[in-house]
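The following note is offered to a colleague who has the structure at hand. The points are numbered so that each may be checked in turn.

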Amino acid sequence: MRKLIVAGNWKMNTTVPEGVALAKAVAEKAAEVPANVQLIVAPPHTHLVSVAEALKGSKVALSAQNCADHDKGAYTGEISVGMLVSAACEYTILGHSERRQYYGETDAKLVDKVRLALDAGLKVILCVGENLDEREAGKHFEVVTAQTVNVLSHFSAGDMAKIVIAYEPVWAIGTGKTATAEQAEEIHACIRKVLADQFGAKVADDTTILYGGSCKPSNAKELFAQPDIDGGLIGGAALKAEDFIEIAKSF
Ligand code: PEP
């Protein structure tokens, strides 16, 4: 049985005290969520140590939103995987469309980052997803397949036990436009087929694939009911503990 996950990507929101309060509220409500659902929060880097403290003893895991593509040295402003591990991170998000779009994150760079993260003992939430032009040109399957293969062809079946995939259509992120359950499911099924072709049916079946893009309490149930959707990567709705928990109760 693959893991069900609801992960909150806080992006560049909240101050440290606000983030700690949000983490505490999520941790307090986590008992309402079915035991087989893994909750994850991904605050900004400045919050990690304090949020880790706030989450202690809860079932909520800690994630970073990004990591450097080098392990240490003269890379001003960057945060290494070793630093993330030392701040009690269990996961890091990688390849978020905002990183790809605004910071030139390429698939080649992602291969380095995923390798560093796995070697450091972190689990990875690898984001893929097409933009609006690609969707309108009917290229969504092609784009998502290429993004998945370009990175994962460098990894083994064993590595996949530590990799979660998040399908996030860029046109649905922060726009209020959610992919329909049908649109999301067909891409998730496509990703699972790509995994089956590369790693075999067992790995494909065991890999958690999350949906992200304006997921909220009102649409989570329908999305999570799809056979290939194993949870969500949540942006805006993760900034309210009640909404985040409500989403996690939607399986
Ligand atoms: C995201 O950026 O990962 C995301 C899914 O954002 P939102 O839920 O706000 O669309």
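1. Which elements each supply at least two residues of the lining of the largest cavity? In this predicted model, helix α4 and strand β5 (123-128) each do so. The residues that line the largest cavity are G95, S97, R100, C127, V128, G129, Q147 and E168. By class, this lining consists of two nonpolar, four polar and two charged residues.

2. The size of the cavity should be read together with the count. One cavity of 30 Å³ or more is found, and the space in the largest cavity amounts to about 40 Å³. One residue of the lining, E168, is also listed among the closest residues to the ligand.

3. The surroundings of the ligand deserve separate attention. The ligand is surrounded by 14 residues, and the closest are K11, H96, E168, G174 and S214. The shell comprises four nonpolar, eight polar and two charged residues.

4. Three contacts to oxygen atoms of the ligand may be inspected individually. From the side chain of K11, a polar atom lies 2.5 Å from a ligand oxygen. For G174, a backbone N or O atom is placed 2.6 Å from an oxygen atom of the ligand. In the case of H96, an N or O atom of the side chain is 2.7 Å from an oxygen atom of the ligand. On its own the ligand has 290 Å² of accessible area, and the protein covers 96% of this area.

5. The backbone of two residues that are listed among the closest to the ligand should be examined. K11, which is not a glycine, has a positive phi of about 50°; K11 is located in the loop between β1 and α1 (16-29). S214, likewise a residue other than glycine, has a positive phi near 55°. The loop that contains S214 runs between β7 (209-212) and α10 (217-224).

6. The largest pocket is a further feature to consider. Its volume is about 490 Å³. Of the 15 residues that line this pocket, K11, M12, Q65, R99 and Y103 lie nearest its centre. K11 thus appears both in this group and among the residues closest to the ligand.

7. The composition of the pocket lining can also be stated. Helix α4 (residues 97-103) provides four residues, the largest share of the lining. Six residues of the lining are nonpolar, six are polar and three are charged. Helix α4 therefore merits inspection on two counts, as a contributor to the lining of the largest pocket and to that of the largest cavity, with residues counted under the DSSP-based numbering of elements.

8. Finally, the charged pairs should be noted. The model contains 16 salt bridges. One of them joins the side chains of D205 and R2, with an N to O distance of 3.3 Å. This pair connects distant parts of the chain: D205 belongs to helix α9 (residues 201-206), whereas R2 lies in the segment before β1 (4-9), and the two are 203 residues apart.

Technical notes. Residues numbered from 1 in each chain as written. Predicted model: local features only at pLDDT ≥ 70, side-chain atom pairs only at ≥ 80, totals over all residues. Heavy atoms only, no water. Near = heavy atom within 4 Å. Polar contact = N/O pair within 3.5 Å; in protein donor to acceptor, adjacent residues only side chain to side chain. Areas by Shrake-Rupley, 256 points an atom, 1.4 Å probe, with all protein chains shown as cover. Nonpolar A, V, L, I, M, F, W, Y, C, P; charged D, E, K, R; others polar. 1 Å grid on protein atoms, 1.4 Å probe; cavity = no way out; pocket = protein on both sides within 12 Å on 5 of 7 lines; lining within 4 Å. Points joined across faces, edges and corners; volume = space filled by probe spheres on them. Salt bridge = Lys/Arg side-chain N within 4 Å of Asp/Glu carboxyl O.
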